[in-house]
Amino acid sequence: MTQAEIKLCSLLLQEHFGEIVEKIGVHLIRTGSQPLRVIAHDTGTSLDQVKKALCVLIQHNLVSYQVHKRGVVEYEAQCSRVLRMLRYPRYIYTTKTLYSDTGELIVEELLLNGKLTMSAVVKKVADRLTETMEDGKTMDYAEVSNTFVRLADTHFVQRCPSVPTTENSDPGPPPPAPTLVINEKDMYLVPKLSLIGKGKRRRSSDEDAAGEPKAKRPKHTTDNKEPIPDDGIYWQANLDRFHQHFRDQAIVSAVANRMDQTSSEIVRTMLRMSEITTSSSAPFTQPLSSNEIFRSLPVGYNISKQVLDQYLTLLADDPLEFVGKSGDSGGGMYVINLHKALASLATATLDSVVQERFGSRCARIFRLVLQKKHLEQKQVEDFAMIPAKEAKDMLYKMLSENFMSLQEIPKTPDHAPSRTFYLYTVNILSAARMLLHRCYKSIANLIERRQFETKENKRLLEKSQRVEAIIASMQATGAEEAQLQEIEEMITAPERQQLETLKRNVNKLDASEIQVDETIFLLESYIECTMKRQ
């Protein structure tokens, strides 16, 4: 766990959950697994606050617990899961493109709350969609429920592990912490619920004549409520499935850039056919025959079987080896080599970074060393056709930045420089790790800059929000245009210009965060798959 990752985790926890949760979370990240009282003592926080903070972290899958032999419960932070919070906007946007607004809100509610029952998600989403509709229109629970079922069928949402139901035959004391289990067969099994109803709008007038607030009412009526049909069956967003989708999109995009749109559509079809049957960590997809691929192509693609076979042969013969041929039955069996695809994408990312930082000549040397594996300085000068002095400067620059490494091969045991070969090589794994570390630093800097910009203009933002609230309330009561104009003029022209600049800067920083996270995703996926192969 590097300092850059710890700092980024700290910023994310503080932004999402506040100072106390951030203090407990970062303490666990730094120290490893610890029991409750030790956490309270070391952080100087009251036991009650530590319990509440741990509840929040466990609810969002950011902390796990384990019971040791002596009955002590220890809590451990899941740092990789904390870093996934960077990707929340991307998860939500992906669901919106695949399953429209209903799917977007379902995933958003699950990410905001950590874990929820299906009935609670359906009601919340239906209410939120109803509020955005025109007066008189409502969102039906059944429609939201159908979208939830589709998300579960494609594995974008999954059940949380739960406490197994056992008969109360054991008279002994209860365990210090429950053991949560999940049957793989039931992971995506949606409970049969008959949710009948429509979304409701929130109204400020929803108070009793006696003036009793709406929030207090449920306390009096909880006894009369019927039991929830899916009580105890909680759901969460399946982040691994989202990552599989992102990886597939990156592969399709790479094929489209290298060849053409038809090739990318064939690869997309192959990935779509095997997305449920292939695990996210598998090196290859399931073998698919040419006939199966032809039958599964989208309706709009009117290409003949002969043309498809030509495209598949072309993809299989490509030096990048994204697609491989695994047999000849069924018109030819084809697989997508996921590990090689990720390695190519990671290499292209490194290549791009070298080009942007050091220029096109350095990128030429970098590609040359990648292709030839090991080269001496003189060979680099000759092959790259760059003068000796410039080539030496460029090689040393990349060496000092850890984009290249130097391998010594001595002719004699004394390692005398005059009798030693010095070979330049590119270790993609170590270069990817170095770049990943820099990406974490970059995102932490972007978050800090965004927070600074917002803090500097806090007074102006609050004034703008107050003015907007006054205008909204006056519009609701049917105020005249002149009155609204007068309220709007409370914000002067320079202040309005300052707000526009702030908005533009914050949007730019947000977009940069998302772009850096895309690079992080590619590098993490490559490092993970390489470590599994070793």
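**Charges over rings**

I looked first at lysine 372, whose charged end sits over the ring of phenylalanine 383, 4.9 Å from the ring centre. For this entry I took a charge to sit over a ring when NZ of Lys or CZ of Arg is within 6 Å of the ring centre and within 35 degrees of the ring normal. I then found arginine 241, with its charged end over the ring of phenylalanine 156 at 4.4 Å from the centre.

I note that this is a predicted model, in which local features need pLDDT of at least 70 and side-chain atom pairs count only at pLDDT 80 or more, while totals for chains, interfaces and linings use all residues. Residues are numbered from 1 along each chain as its sequence is written, and side-chain values use heavy atoms, with hydrogens and water left out.

**Aromatic pairs**

I looked up the ring pairs and found eight of them in the structure. Rings of Phe, Tyr and Trp (its six-membered ring) pair when their centres lie within 6.5 Å, and planes under 30 degrees apart are called stacked, over 60 edge-to-face, and the rest tilted. Tyrosine 91 and phenylalanine 242 form a tilted pair, because their ring centres are 5.2 Å apart and their planes stand at 45°. Tyrosine 91 belongs to helix 6 (residues 88–113) and phenylalanine 242 to helix 10 (residues 239–258), so this pair ties together parts that are 151 residues apart in sequence. For these elements, helices (H or I, at least four residues) and strands (E, at least two) are DSSP runs numbered from the N terminus.

Both tyrosine 91 and phenylalanine 242 are buried, where buried means under 20% relative accessible area, exposed over 50% and partly exposed in between (1.4 Å probe, protein chains only). Phenylalanine 246 and phenylalanine 521 have ring centres 5.8 Å apart and planes at 90°, so I entered them as edge-to-face. Phenylalanine 246 lies in helix 10 and phenylalanine 521 in helix 21 (residues 493–533), so the pair ties together parts 275 residues apart in sequence. Phenylalanine 246 counts as buried at 3% relative accessibility, and phenylalanine 521 counts as buried at 4%.

Which residues do ring pairs link into a cluster? I listed Tyr88, Tyr91, Tyr99, Phe156, Phe242, Phe246 and Phe521.

**Pockets**

I looked next at the largest pocket, which has a volume of about 1,500 Å³. It has 45 lining residues, and Ala343, Ser344, Leu345, Thr347 and Ala348 are the closest to its centre. Two or more lining residues come from each of helix 10, helix 14 (338–358), helix 15 (360–372), helix 18 (428–456) and helix 21.

On a 1 Å grid over the protein atoms alone, a pocket is an open set of points where a 1.4 Å probe fits, with protein on both sides within 12 Å along at least five of seven lines, and lining residues have an atom within 4 Å of a point. Grid points are joined across faces, edges and corners, and the volume is the space filled by probe spheres set on the points.

By class, the lining of the largest pocket holds 21 nonpolar, 13 polar and eleven charged residues. In this scheme Ala, Val, Leu, Ile, Met, Phe, Trp, Tyr, Cys and Pro are nonpolar, Asp, Glu, Lys and Arg are charged, and the others, Gly among them, are polar.

The second largest pocket has a volume of about 1,200 Å³, and of its 42 lining residues Asn61, Gln158, Cys160, Pro161 and Gln236 lie nearest its centre. Which element gives the most to this lining? I found that helix 10 does, with five residues. The lining of the second largest pocket counts 17 nonpolar, 18 polar and seven charged residues.

**Positive phi**

I returned to asparagine 61, which lies in the loop between helix 4 (47–59) and strand 2 and has a phi near 60°, a positive value in a residue other than glycine. Most residues other than glycine have a negative phi. Asparagine 61 counts as partly exposed at 23% relative accessibility. Serine 100, in helix 6, also has a positive phi of about 60°, and with a relative accessible area of 41% it is partly exposed.

**Chain as a whole**

I closed with the chain, which has 21 helices and eleven strands, and of whose 534 residues 42% count as buried.
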